[in-house]
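Student: I'd like a close look at one part of this model. Could you walk me through a single sheet and what surrounds it?

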Amino acid sequence: MKRRALLAGALAAGLAGRARAEPVFRMGLTPVFLDNDAAVVDGLREALSRGMGRQIELVQRRTYQEITGLLLERSVDAAWLCGYPYLQHADALGLVAVPSWRGGPRYQSYLIVAADDPATGLPDLRGGTHAFSDPDSNSGYLVTASDLRRAGERAETFFSRAIFTYGHRNVVRAVADGLVRSGSVDGYVWESLATIEPALTARTRVIARSEWLGFPPICARRDSTGSEPVLALRRALLGMGDTPEGRQALAALQIDGFQPASDALFDGIATRMRDLEA
Amino acid sequence: MQALGRLPLSLKLPLLGAAMMVLVGAVASQQVLRALAGVQDARVQELAQMHVEGLSVALGPLVLRRDVWEVYDTLDRASQGGEGRRMILTAVADDTGRVLAATDPGRVPMDSAIADLAQGAAALEDLSVGGSGPVLRLLAPLIYQGRMVGEIVTELDVSDLLIERRRALMLLILGNAVAIGVLAMAGYAALRQMLRPVSTLARQMTRTEGKPYPIPAAEIPRGDGELARLARTYNAMVGAVAAKAEAEKRLAERERFVALGRLSSSLAHEINNPLGGLLNAADTIRTFSDRPEVVRQSADLLDRGLRHLRDVTRASLDQNRMDMEHRPLSAEDFADLKLLIQPELSRQAQGMDWSVDLPGVPPGLAAGPVRQIALNLLLNASAAAGREGRIGLDASQGGAGLAIAISDNGAGMPQAALDRLLTDAPLSPGGGVGLRLVRDLTLGLGGHIAHHRAGGVTRIIVSFGPEPGVQDAEG
């Protein structure tokens, strides 16, 4: 018993010593998931820290743009971005891994209205107020904006007023509370909320779902994707399902795991980007 | 007011006290309520000011950026706090007056005009509970970095404060009612106790037995207060009145005995005069017992003398039994009077005019009092006429009434005597009570007394009945 305790102490001291020797790995998080839940963020840091064998600092900002900026200026080593900003900076950024949700690395964008709203599709929402998540969010902006563009409309004029809530959960709240008539939200977030806050999503109704698009990936600067810390992060992510902490974090995130990603995964988003800019 | 005036003092004073207490209670309650309203207004204003200032700090930059979501999120989170229970609605508009967000977006949609909501809203310093209803509406500028960047409209739920105020009002009314009721009852009891001697005095003074009665010693308040002195003074007064009446009664008795005394002396003289003749007749009978004609003449003389003596004694006895005489007046009573006054007239060598004209018996007149009245007046006239003077009596019946006129040729009645006879003025010391007795007896029989003085002759006319035919001296 005593020997075992001593061994555990020595192991812990060794790990701590090693962790102290390595520089802190900083990873940025965009509000692509339930970033308001501290337990989820803590679980993820714990799992990554254990997997990488070093200290992890998770950096959160309000907007996608801020996190992308931090990554580009090397203030963070990696970041969980959205496919849209990744493609915007594809020349400078590289893919590390992509989450797998409901059997694949893809998700949908939902168009939601209040539960008692008679609208059945995007055309019914003309002249109403609308909540986007973030101007750099694929599911929270690009999908609806590009749909409108394809229909010859512009979001600024189609809606009487469009606001940004900088959070997918905020979009659901804005619609549920009646602040706006409709909202563009990450389908993965809405489904996750339906599990943990059913009373909130019950006040909303999904009236349109986009095609399946590439899930927000974990990115690093293209020039550092081969470096040791990023490779370690990739290993930690891909092997997250192998450790209890990892499985706990995955369960909290309500995703299956992480898998390698290719640029082709985001072709759908790239198409929409082109349509929007057309 | 007249009804209040008719109430007894022992009820009126407590009622007045209670009314004053109601007044004082109402004024005090008003003051309390006003103070409570002031406290509540200050409380609500302070709360609203904190709310507005807190929102200004939190929302200033967000409103400047027109960040609708953040404004809404901030308002939403603020409404979840304890303060949110009072702030039932808050809406924030930008500097153009368009609503950015409200805690209830369904009621106040984004981009609606804040002016629609601000109708009827008060400024912070004008915020007052109880003005309109359970919800107060406040309009305040949203100041950030020294300039107005927007407006805030807040609805405050003050129903609890109104309930508190109503409860205070009810408690005040209830408390005042109980206090006033208790104090009024206590005041009523105390004043009634204090005024009991006055009630007793009033009761004793208005008792219907015809004369005032003293207040029993047990009911006189202890000590030397005004009411105790009043009761003692009243008792002394009652005693004095009783003593005076007793004295007057004794004087009247004495006067009757005086008159009787005078009559007795005259009577003795009247009896003494024939006694010599009667004794002579007896001697004559003894001396000439063998001469029948002399005996018969002497016996006749004896008979006449004894009959006269019998009549005189009977009249005296009748007069003395006057108090018990309730038989009706008759012409014989005047004959008695003549018989009774005759010795006094003889003593004074006075002449008399005697006229009695009573064809029927005057109804309802008792013999005793009338005889006393007439005798007193005749004796008075005789005394006034002096030696060798002349007096007269004229009794006549007119209709259902009777008039008796007594006259004398004396020097006339002094004013004091007239006062005793014709008025109820107090008796002056020294004078007799015979004339006042005449007045009392006459009034007791429902009669009138008149006085005339003409041609050196004084006439006192006493008339009874509805149509006496003489001047009413009482008028």
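Student: Which residue stands opposite Ala93(B) in E4(B)?

Tutor: Before we zoom in, a word on the source: this is a predicted model, where local features need pLDDT of at least 70, side-chain atom pairs count only at pLDDT 80 or more, and totals for chains, interfaces and linings use all residues. Residues are numbered from 1 along each chain as its sequence is written, while chains are lettered from A and ligands numbered from 1 in the order in which they are written.

Now your residue: the one opposite Ala93(B) is Glu151(B). Ala93(B) belongs to strand E1 (residues 87-94) of chain B, which is joined by seven bridges to strand E4 (residues 147-157) of chain B, and the two run antiparallel. (Strands, E, are DSSP runs of at least two residues and helices, H or I, of at least four, both numbered from the N terminus; two strands pair if DSSP finds at least two bridges between them.) In general, strands of a sheet pair through backbone hydrogen bonds, either parallel or antiparallel.

Step back a little, and you'll find four strands of chain B in an open sheet, ordered E2-E1-E4-E3, with antiparallel pairing. Strand E2 (99-102) and strand E3 (135-144) of chain B each have a single partner strand, so they stand at the edges and one side of each is left without a neighbour in the sheet. From one strand to the next, the twist averages 20°.

What lies across this sheet? H3(B) lies across E1 and E2 of chain B, at about 30° to E2(B). (Axes are lines fitted to C-alpha atoms, for helices over the stretch in contact, and angles run from 0 to 180 degrees between N-to-C directions.)

Chain B also touches chain A: eight residues of chain B are in contact with 10 residues of chain A, contact meaning that C-beta atoms, placed from the backbone, lie within 7 Å. On chain B's side, helix H3 (residues 68-80) gives the largest share, three residues. That side divides into six nonpolar residues, one polar and one charged.

Finally, there's the largest nonpolar core, with 112 residues; among those touching the most other members are Val71(B), Val92(B) and Ala101(B), along with Cys219(A). Helix H2 (residues 9-65) of chain B gives the most to this core, seven residues. Leaving aside neighbours within four places in sequence, Cys219(A) is in contact with residues including Leu71(A), Ala78(A) and Val96(A). (A nonpolar core is a set of buried Ala, Val, Leu, Ile, Met, Phe, Trp, Tyr and Cys residues joined through C-beta atoms within 7 Å; buried means 20 or more other C-beta atoms within 10 Å of a residue's own.)

Methods. Two residues are in contact if their C-beta atoms, placed from the backbone, lie within 7 Å. Ala, Val, Leu, Ile, Met, Phe, Trp, Tyr, Cys and Pro count as nonpolar, Asp, Glu, Lys and Arg as charged, and the others, Gly among them, as polar. A residue is buried if 20 or more other C-beta atoms lie within 10 Å of its own, exposed if 12 or fewer, and partly exposed in between; C-beta atoms are placed from the backbone.
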